[in-house]
Every structure is written in C-alpha cells, then in structure tokens.
Number of protein chains: 2
Amino acid sequence: MYRSHNCGALNASNINTEVTLAGWVQKSRDKGFMIWVDLRDRYGITQLIFDESRTDKTVFELAKTLGREFVIQVKGNVIERESKNPNMPTGDIEILVTELTVLNEAITPPFTIEDETDGGEDIRMKYRYLDIRRNPVKNSLLFRHKVAQEVRNYLSAQDFCEVETPYLIKSTPEGARDFVVPSRMNPGQFYALPQSPQTFKQLLMVGGMDKYFQIVKCFRDEDLRADRQPEFTQIDCEMAFVEQEDILDTFEGLTRHLLKEIKGIEVDKFPRMTYDHAMKTYGNDKPDIRFGMEFGELNAVAQHKDFGVFNSAELVVGIAVPGGASYTRKEIDALIDWVKRPQVGASGMVYCKYEADGSLKSSVDKFYDQDDLKKWAEATGAKQGDILFVLSGPANKTRTQLSALRMEVATRLGLRKPDEFAPLWVVDFPLLEFDEESGRYHAMHHPFTSPKPEDMHLLATDPGKVRANAYDMVLNGNEIGGGSIRIHDKETQQLMFKHLGFTEEEAKNQFGFLMDAFQFGAPPHGGLAFGLDRLVAILGGQETIRDFIAFPKNNSGRDVMIDAPSLIDDKQLDELSIKLNLK
Amino acid sequence: MYRSHNCGALNASNINTEVTLAGWVQKSRDKGFMIWVDLRDRYGITQLIFDESRTDKTVFELAKTLGREFVIQVKGNVIERESKNPNMPTGDIEILVTELTVLNEAITPPFTIEDETDGGEDIRMKYRYLDIRRNPVKNSLLFRHKVAQEVRNYLSAQDFCEVETPYLIKSTPEGARDFVVPSRMNPGQFYALPQSPQTFKQLLMVGGMDKYFQIVKCFRDEDLRADRQPEFTQIDCEMAFVEQEDILDTFEGLTRHLLKEIKGIEVDKFPRMTYDHAMKTYGNDKPDIRFGMEFGELNAVAQHKDFGVFNSAELVVGIAVPGGASYTRKEIDALIDWVKRPQVGASGMVYCKYEADGSLKSSVDKFYDQDDLKKWAEATGAKQGDILFVLSGPANKTRTQLSALRMEVATRLGLRKPDEFAPLWVVDFPLLEFDEESGRYHAMHHPFTSPKPEDMHLLATDPGKVRANAYDMVLNGNEIGGGSIRIHDKETQQLMFKHLGFTEEEAKNQFGFLMDAFQFGAPPHGGLAFGLDRLVAILGGQETIRDFIAFPKNNSGRDVMIDAPSLIDDKQLDELSIKLNLK
C-alpha cells in the first residue's frame with residue numbers, strides 16, 4: 001500500500017496519527033533548518049515539514065534534493081500547524097516526516113502546474129498529461145464524469161436502456177462528410193464511423209426497445225471551426241409510442257434534474273418558442289433569453305420618411321440597450337465599427353438615445369422628429385436612459401446581424417452570467433431548407449424527420465413552407481440538444497427521400513434496410529440528442545469545450561501529444577487494398 | 001399520449017379502470033363471436049378481448065383484420081379474466097376493447113417472434129430489429145445495461161472517474177492489426193482506431209487522475225474466430241499509487257458486487273493461483289474450478305516399466321473422472337476418438353477403471369500390476385468408482401490435450417453449471433513468450449507490463465524466465481479480465497522495448513510520447529480491463545456473446561443488416577488522397 005490517506009483527507013481530527021502519503025511535489029520552501037513541501041494529488045494538497053532538529057539527517061538531506069513534480073512517498077505524524085491556512089481543507093495540519101522515498105524524479109515541466117499557468121494552448125496540448133494535473137482541467141474532467149453519471153442514473157431510473165450501437169457502419173452521402181475505414185476482409189469496401197447512431201436507434205424502436213439512450217462518440221470529417229472536434233460525444237435518446245410533448249417533458253425533466261443535482265438550481269417549466277418567433281424576436285434559432293433586448297420591427301414607423309436607406313430596406317429592426325443613453329460617442333462608434341466588420345457584415349448602424357429627460361437624439365435627426373422616434377422607442381420597448389440600435393437591409397441577413405450585435409452588447413454589459421441558466425424549447429422548425437448552390441432542398445434536421453401532419457399537404461406543392469415536428473433545447477444562447485418525431489411509415493419516408501433529390505435506387509441503396517424495417521410494424525417514435533461536450537461546458541460555466549475533453553484535437557484534426565494522424569506502413573496499405581494518391 | 005400503461009403493468013388491482021395500451025399483435029385467436037389478441041411491448045403481454053355482443057361493430061370488424069406484428073393502440077376497460085393464467089403478471093385480467101387504432105400494418109415477419117424461433121442465425125441477423133423483439137435477445141440487452149450501470153455505480157462510488165479517451169489515435173505495429181482511418185486534412189496520413197486505451201490511461205495516471213475507468217469500444221482487425229467481434233467493449237481501468245494486491249482487491253470487490261447485485265450470489269475471497277500451478281494442475285491458464293479432476297503427473301509411477309509409449313514421453317499425466325468406472329467400452333472408445341480428433345490431437349489414451357470393489361482394470365494391464373495402478377490412483381486422487389484417463393507426450397502439448405478432455409468430460413457430466421460461479425485470480429504470468437516464427441520474444445500481456453522486481457536481473461540473461469506483475473481474472477473457464485502493474489520509468493521501458501526487438505528509433509517513433517511523459521514524474525500504476533461482452537454473457541449463463549450485442553457482425557466482419565462495409569464514391573476516395581489497389 002502506497003498511502004494510508006490521500007492528500008485532501010487529513011484535518012485536525014487526525015492529529016497525532018501516523019500516516020503514509022504519496023503524491024507530487026507542488027512546491028518546496030527551504031529555510032535551511034526547515035523545509036516545507038506541498039504534496040499534491042488528485043484530492044488536494046498536504047503540507048509536509050522536515051525539521052533539522054526533529055527529522056532524521058538522511059531524510060532531511062534527501063528532502064533538500066526534491067524538485068517540482070517529483071513523485072514521493074512519505075511517512076510521518078500529523079501535527080498541528082503553527083500558521084493555519086483556513087482556505088485549505090488540510091490547512092490546520094502538517095506532516096512531520098519521518099521517512100521519505102522518491103518514487104520517481106521529474107525534469108522541469110514546460111509550464112507551471114498551477115491554476116493560472118504560464119503555458120500557452122499549444123504547449124499545454126502537447127503535454128496534456130501535465131495540463132491534466134492542473135485543477136481547472138482535472139476538475140472539468142471530474143465534472144464531466146459527474147454529469148454523465150447523473151444522466152445515466154436519471155434515464156435508467158425511468159426505464160431507459162443504454163444500448164451500444166456499432167462504430168463500424170455504412171457510409172451515407174447525406175449529411176456531413178464521413179470518416180471511413182477500409183475493410184481488409186472485404187477488399188475495396190469501407191466502413192464509416194457514425195455521425196450519429198440515428199438509424200440504429202430507429203431500428204431499436206422498430207425492435208420494441210421503447211426507451212433507448214446512449215452516451216456515445218460520433219464523428220464528422222468537417223473542416224474544423226474553433227471549438228469543434230472531429231470526434232464528439234452525444235447523449236443520444238429515442239422513445240417509441242410518444243408524441244412531441246412526451247419527449248419535451250421527458251428531456252426537460254432530465255435537464256431540470258441536472259441543473260438541480262449539479263448546480264443546485266431549480267428552474268421553472270421551460271418556455272416553448274416557435275422557430276418563427278425566435279427568428280423574428282432574436283434573429284436566431286438559439287436565443288439567449290437571460291436578458292431582454294428583443295427585436296422591434298420598425299418598418300411601419302421608420303419607412304416612408306425621407307431616409308432612403310430605410311425606405312429601400314426589406315426590414316428595419318432595432319433593439320433597446322438598457323442604460324445605453326450614457327454611451328459616449330466613442331463607445332457608439334466602436335460598436336458601429338464592430339457591426340461593420342466582415343464577420344458581421346452590416347453596412348452601417350443608426351442609433352437613437354432615449355435620454356433620461358425623455359428627449360430623443362438620433363443619428364438620423366435630419367429625417368425623424370421626436371414623435372417619430374418615440375414610436376421607435378415604443379416598438380423596441382426602450383425606456384428613458386436606453387439607446388436604440390437600428391439595422392436595415394434584407395430581412396434574414398439583417399436579423400442575423402442584429403442578433404450578433406445583441407449578443408455582443410450583452411456580453412459587454414455582463415448580462416450573459418455563467419451562473420444563470422435560462423433554458424427553453426424552440427419548436428416548429430422548417431422541415432426543409434433550400435440550398436442555392438445545389439438548387440435543391442436539404443433536410444434541416446435530417447431526412448427521417450416527420451412533417452407536421454397539418455402541413456403534410458404542402459409537401460408536394462410548397463415544400464419550403466412545411467414545418468417539422470422538430471425541436472431544439474436551447475440553453476444560454478447555445479443549442480444543447482435537438483431532435484424530432486420521426487417518419488415511421490415507408491411511403492412518407494420514400495416521399496421525403498424524393499423531395500431531397502434521392503433517386504429511388506439511391507434511397508434503396510443507402511436506407512433500404514430502414515424502409516424494409518418500416519414494413520414490419522414500426523411504432524410511432526422520436527427522440528433527440530444532446531451534445532455532451534457543450535452541455536458540460538455550459539453547466540461548468542465555460543465558453544469553450546476543450547478543457548472538458550481529456551485529449552482534444554487541434555484545428556487541423558491533429559492530436560499533437562501522440563502525433564496522430566501519422567504515416568502507416570506500405571504493408572498495412574497493401575493488406576487494406578489501397579494506395580496513396582497524393583496530389 | 002399513446003398509452004396510459006405498458007403491456008406488463010396491469011393486474012387485478014386495475015379492474016374496472018379505463019386504460020389505453022399500444023404495442024404489437026403477438027397473436028390473435030378468432031372464434032367468430034369472440035376475438036382474443038395478445039398485445040406485446042417491451043414490458044410484457046396483455047390479453048385484449050373483442051366480443052361481438054359487447055364490442056362496437058366497426059371495432060370488431062377491424063379487429064378481424066389484425067395480423068401478426070401489426071402496431072395498434074387500444075382503449076378499453078380492465079376486466080377479470082375467466083380463465084386466468086398464473087404464469088403471467090397480467091394473467092388475471094384482460095382488456096375489453098372499446099376503441100382500436102391501427103398505428104402501422106406489418107407484413108409477415110421472416111421468422112416467428114417467439115422465445116423459441118424458427119429463424120436461423122443468418123436470417124435473424126439480417127432482420128436483427130425483429131430478433132430484438134424476442135425475449136431472449138431483448139432481455140440480454142436489458143441485462144447488459146444493468147451490468148454496465150452497476151459497474152459504473154460501484155466504481156464511481158469508489159472515486160473512479162470515467163474519462164473518455166480518443167477514438168482517432170495513432171497506429172502502432174505492436175499487438176493485433178489496427179483498423180485505420182485516412183485523414184482528409186492530413187493527406188497520406190492515417191488515424192488508427194484504438195485496440196485499447198492503454199497508453200491514454202497510463203497518461204491519465206501521469207496526469208494525476210489516480211483512479212480511472214471507461215466502458216469503451218475497442219477495435220482489432222483480426223481474422224474472426226467464432227464468437228469474436230472486430231469491435232468489442234472493455235471495462236478499462238487504471239489506478240495510481242497501487243501495488244498488485246490493491247488492484248486485485250479492488251476488482252475482486254467489483255466482481256463480488258456484480259455477482260451479488262445481479263445474480264444474488266455471495267462468493268468467498270477469490271483463490272489466487274500462479275500461472276505455473278494453473279498450467280500444471282489444469283493444463284490451462286484459465287481453469288474452470290467449479291469441479292475437480294486436477295491433473296496427476298504419473299512419470300514417477302508409470303515410467304521405467306515395459307510400456308514404451310510412456311517411457312519415451314516427456315510427460316505422463318492423468319485425471320480421475322468421478323463415477324467413470326461405470327463407463328461402457330463404447331463410451332470410453334468415443335472419448336478416445338474425441339481426443340484423437342485433429343482439434344485435440346492426442347495420438348491415443350490410456351484408461352484405468354477403479355472399480356467399486358477396489359480392483360483396478362486398465363487398458364495397459366500387460367505392463368502394470370494392481371500395485372502400480374494403485375499408485376496412479378493416488379497420484380490423481382481417484383476414488384473407487386472413478387476412471388482414470390492418461391495422456392502422454394511433450395509436456396505443454398499433452399497438458400493442453402488433457403485440459404480439453406477435462407472440459408469435455410465435465411460438460412458431458414453436467415459439471416459446468418451456468419448458475420454456479422467460481423472466480424479466481426491467475427498471477428505471475430511470464431513476462432515474455434518466445435515466438436518461433438519471428439525468432440524473438442513477444443510481450444505476453446503488453447510491452448508496458450512490469451517485470452517482477454525479484455526477476456529483473458534475469459531480463460538480460462534469461463528473459464523467458466522472467467515473471468511479470470500480471471494477472472488474469474478467470475470465471476468458469478473464461479478469462480474475463482486481465483491486467484498488470486506497469487513500468488513507470490523510462491529506463492525500464494526502453495530496456496523492455498529493446499528486448500521486444502524495437503530499434504531505438506522505432507520505440508521513439510511509436511511510444512516517444514509515453515517515454516517523454518515518464519520523465520515528468522510518473523507515479524507507480526497498474527490496471528486491468530474486463531471484456532464486457534464475455535462478462536455479461538457468462539453472468540447471463542450463456543456460452544456465446546452474440547445475443548448480448550445489439551448489432552453484431554458476422555465472421556467476415558460484415559453487418560448483414562445494413563450491408564456494411566460497402567463501396568464508397570470515387571469523390572470520397574479522392575478527397576482522402578487514396579485509391580483502391582485491388583489484386
């Protein structure tokens with residue numbers, strides 16, 4: 001046995017007991033006649049003391065040689081500390097060491113193993129095993145485990161069965177790009193890694209499994225944007241004999257449970273918002289509703305004056321920023337520059353201060369009098385002391401721009417509080433979206449999503465108008481989960497594939513097994529999937545997912561620690577019946 | 001809401017309530033004026049009754065059209081059954097149906113959805129979603145979930161943290177063949193799918209994570225023997241600051257917990273047996289100790305007589321089969337034929353009956369008298385009424401043959417009881433085994449396994465003699481888990497790679513990151529991995545793992561349900577910078 005206690009366990013109640021501890025040297029202070037060492041493990045830090053007058057000479061000399069991150073084992077007595085540290089659970093005691101063994105030496109780490117480290121992102125990733133010794137990363141991984149365990153316990157208690165679906169499956173051209181795996185035993189053929197277990201979970205419903213979930217890795221070979229990973233983890237769920245409402249209830253229940261158990265926060269029943277409403281009110285299908293600043297459309301009150309920019313626009317829309325009337329000219333110009341950045345793309349911005357005295361002062365006073373501007377204030381819900389920001393242009397584009405501004409302003413005002421949680425459901429998504437490039441409709445969610453029955457008749461004539469039984473769970477401006485009621489009959493599924501531009505043969509080739517399955521008695525079913533990486537990060541109050549993943553990849557899809565991907569042997573290639581085709 | 005109750009929920013206490021049920025038509029009996037339908041879902045079967053005199057005519061007529069596996073929803077009243085079925089939880093009641101909706105029709109399934117089906121393995125795999133509707137498969141999946149959940153709860157309660165390690169890692173030539181994944185973003189380079197998270201879990205120990213586990217898919221591209229899968233699931237575990245004894249205690253605890261919670265069986269402390277002892281006593285490093293028949297070596301008592309076969313053999317070894325003295329000549333000949341099959345490979349077998357009257361009768365009475373044979377009986381522990389079977393030849397081969405015979409005889413005698421559990425630890429495995437083909441040593445466990453400190457000095461001079469700190473957990477003749485204490489210093493690891501025939505450059509190229517990590521303060525650590533598929537099958541009292549895997553692959557690595565692997569587009573190949581190289 002290497003230790004009797006861990007480094008976070010001992011306190012005043014252990015005084016006068018002999019203990020054995022093991023861990024890493026966090027730091028060492030050598031005062032000549034006295035050496036203090038902070039010994040660290042996963043559970044905490046315990047102070048060791050070597051005292052020239054009380055410690056065996058050999059031990060004392062050895063203690064002088066200890067460097068940072070040495071792995072040591074000590075025996076000693078728990079004694080009361082002279083200068084207590086009330087900020088540490090072990091702060092009342094220290095260990096007067098009688099025996100010391102160096103279990104392993106350490107060369108100097110390339111960055112400090114502290115909560116605030118001097119190491120940049122790249123070096124921390126290369127030496128991720130050292131990064132994991134730091135509290136922020138270690139605690140994120142422990143936190144992730146806790147969340148996953150709560151999910152499993154909650155769903156298991158509700159009769160959900162976790163079923164492992166295969167990782168070596170079939171490539172399908174629909175959706176994102178697949179990672180593929182050449183099959184040695186079937187030359188010329190490839191497996192694909194799952195982008196999600198979508199068809200398998202539907203087949204489990206056909207198989208009567210009824211309530212399924214799985215915490216499972218999924219894979220997408222996409223060009224990586226910041227904070228995306230080629231492999232990511234889903235909480236994948238499906239239920240049979242359910243309507244949309246049953247699913248929303250069940251997974252709202254799960255999320256409330258997590259917020260309560262993990263964060264100690266009780267939330268009310270989640271608001272439900274249609275996609276159309278979310279787009280009109282927040283310019284976004286994943287609105288952050290921790291704060292207001294809802295959109296006010298100004299066409300009726302701002303057009304048909306002499307301001308040509310507004311008159312020619314499809315949409316004039318604004319938000320009222322609370323307390324913004326105190327913004328200086330410089331602050332306003334900075335925000336105007338911000339919306340004009342290529343990432344946002346607005347051509348300009350109109351503002352209007354609603355002063356504390358009730359007067360209104362805008363950047364377009366030439367065209368609008370006080371009465372006009374008062375109507376703007378009404379339409380956006382502005383109060384005295386606020387500032388209005390107004391954008392105009394093509395409707396969709398302008399909404400997206402104003403949404404970006406709304407989030408930016410909220411961030412600057414500190415309204416996006418990491419310890420406040422405002423979940424909601426966004427429902428009634430469009431079934432299809434038109435892709436200009438390919439000139440055809442794509443499934444907005446996926447091709448197995450059921451149209452709303454009342455919109456079914458539009459599928460042949462006006463497919464873009466058809467709404468889906470699809471829903472997203474949104475938390476603090478992030479989509480943390482999404483799903484749909486599925487099509488469960490062969491005819492509708494065939495019709496859907498047709499609208500998505502599949503030939504009959506393509507549909508049969510790719511999804512024949514699913515349509516076959518539908519003939520043998522498929523129950524009504526639906527489900528959803530949560531992105532675990534993001535969910536955990538948000539619950540942990542963080543913006544980025546990377547510290548919640550033990551061994552993440554960089555933006556080129558590389559694991560810089562193990563140096564993967566890498567070259568493989570010609571023999572391997574040959575066995576797999578492939579060769580390189582480099583350009 | 002599609003249902004107020006599931007099909008296993010209703011009993012006499014629900015009589016006179018109105019309920020809504022949904023499920024599949026298991027079977028239908030039409031007596032003209034009365035129709036009974038067994039409605040099935042995941043939870044059970046409830047009998048529905050349609051009565052011409054009490055049921056609405058339209059509903060009654062519709063009920064006549066119901067075929068097997070139709071998906072229906074019914075409303076009705078719970079009534080007392082006339083002829084009760086005490087074997088079903090719902091056997092006291094039936095539902096007098098008032099409303100009937102056909103949710104989905106079904107064509108006739110290709111095999112019967114019954115506990116004993118008429119469908120063979122191939123057709124059941126092709127329509128696995130129908131197979132899953134059958135109780136034996138469904139219950140196996142539910143059982144697997146329960147086992148996995150118990151594992152997670154037990155380990156979490158002991159401070160183990162489940163950490164997800166990456167699936168897209170680096171290919172290494174050591175061990176089995178890797179599945180590889182071409183990287184589009186890094187042309188010419190490949191990821192590999194993990195054969196196990198071995199190096200990552202060791203890096204987590206270097207990272208201070210201390211107690212790690214993960215229930216995780218692993219991948220090996222091997223020619224498939226019966227009951228092997230290219231993707232399989234491990235319970236992967238690792239601990240830091242531990243010795244072998246700590247690990248054995250911890251995971252013995254886990255296994256005892258599972259046996260108690262899942263099977264209601266309390267087992268004593270697991271016996272520990274050295275590899276040498278297991279090989280000598282059972283001819284096998286995974287002995288089934290539910291029954292005796294331990295090997296008795298007969299060289300001392302059977303050689304130096306006139307029987308040339310024994311005299312020239314390296315080993316003469318026998319087992320005493322309880323009650324075997326009553327075997328007929330025909331039964332004995334059948335067993336002699338059995339050991340001479342090419343799969344076993346013995347050239348012949350000597351037997352000796354120990355009759356109830358104390359006399360001994362052997363097939364080699366020409367060479368041995370009663371006193372000689374009495375010594376055989378003593379050496380094998382035979383009692384009156386038993387039969388001795390004796391094999392001879394090269395030691396290792398003969399032990400393997402006798403082990404096969406021992407298992408076969410035990411199976412025929414019904415001694416391998418599926419509801420009896422006899423776990424043990426096999427310890428002190430050899431570190432290396434010599435491979436005749438490549439003319440070099442291979443790691444018996446893996447190259448990260450620590451030699452026993454007391455054998456360390458033999459590594460340079462007599463590597464085959466070095467024992468490892470490696471251990472297997474054995475249950476009922478199956479290895480269900482195995483692991484080792486790891487090397488945790490760079491020098492020993494380098495020496496080990498050298499003995500395994502790695503050049504310095506190869507070692508650095510493949511495992512440089514691990515050896516680098518060891519320089520920064522690696523703690524002593526070790527762990528093990530359980531094969532979940534096999535563990536679950538054994539706990540479930542089954543011989544084969546296939547029914548405990550939702551969507552297994554066949555012996556050619558194909559998923560015959562979804563028809564994978566399959567061809568992929570030239571465009572996909574091109575993007576991945578590879579082309580086919582078919583011979």
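**Entry 1: ground rules and chain A overall**

Accessible areas here come from the Shrake-Rupley method with a 1.4 Å probe, and for residues only the protein chains shown count as cover. With that settled, I looked up the surface of chain A, which exposes about 23800 Å², 47% of it supplied by carbon and sulfur atoms. A reminder to myself: this is a predicted model, where local features need pLDDT of at least 70, side-chain atom pairs count only at pLDDT 80 or more, and totals for chains, interfaces and linings use all residues. Residues are numbered from 1 along each chain as its sequence is written, chains are lettered from A and ligands numbered from 1 in the order in which they are written, and side-chain values use heavy atoms, leaving out hydrogens and water.

I then checked the extent of chain A: its C-alpha atoms fill a box of roughly 90 × 75 × 55 Å along the principal axes. For secondary structure I found 16 helices and 23 strands in chain A, taken as DSSP runs numbered from the N terminus (helices H or I, at least four residues; strands E, at least two). Of the 583 residues in chain A, 59% are buried (under 20% relative accessible area; exposed is over 50%, partly exposed in between, with a 1.4 Å probe and protein chains only). Contacts (heavy atoms within 4.5 Å) between residues at least 6 apart in the sequence of chain A join residues at least 24 apart in 65% of cases.

**Entry 2: cysteines**

How many disulfides does the structure hold? I found 0 over all chains, a disulfide being a pair of cysteine sulfur atoms within 2.5 Å. Cys7(A) has no bond because the closest cysteine sulfur, in Cys161(B), is 18 Å from its own, too far. Cys161(B) is in no disulfide either, and the sulfur of Cys237(B), the nearest, is 12 Å away. I also noted that Cys7(A) is buried at a relative accessible area of 0%, and that Cys161(B) is buried at 0%.

**Entry 3: two helices**

I picked α12(A), residues 395-412, and followed its 18 residues over 26 Å from first C-alpha to last, close to the 26 Å expected at 1.5 Å a residue. The expected span is 1.5 Å times one less than the number of residues. Which residues of α12(A) are buried? Among them are Ala395(A), Leu402(A), Leu405(A), Met407(A) and Val409(A), along with Arg399(A), Arg406(A) and Glu408(A). The buried residues of α12(A) pack against α7, β12, β13, α10 and β16 of chain A. Just after this helix, Gly414(A) takes a positive phi of about 70 degrees.

In chain B I looked at α4(B), residues 135-157: its 23 residues reach 32 Å, close to the 33 Å expected. Asp159(B) follows α4(B) with a positive phi, near 75 degrees.

**Entry 4: two buried helix residues**

Thr199(A) sits in α5 (residues 198-206) of chain A and is buried at 12% relative accessibility. What does Thr199(A) touch, not counting residues up to four places away in sequence? I found Phe448(A), Phe511(A), Phe513(A) and Leu514(A).

Ala63(B) lies in α1 (residues 57-64) of chain B, buried at 1% relative accessibility. With residues up to four places away set aside, Ala63(B) touches Ile35(B), Phe50(B) and Leu100(B). Last for today, I checked Ala63(B) against Leu248(B), 185 residues apart along the chain: their C-alpha atoms are separated by 60 Å.
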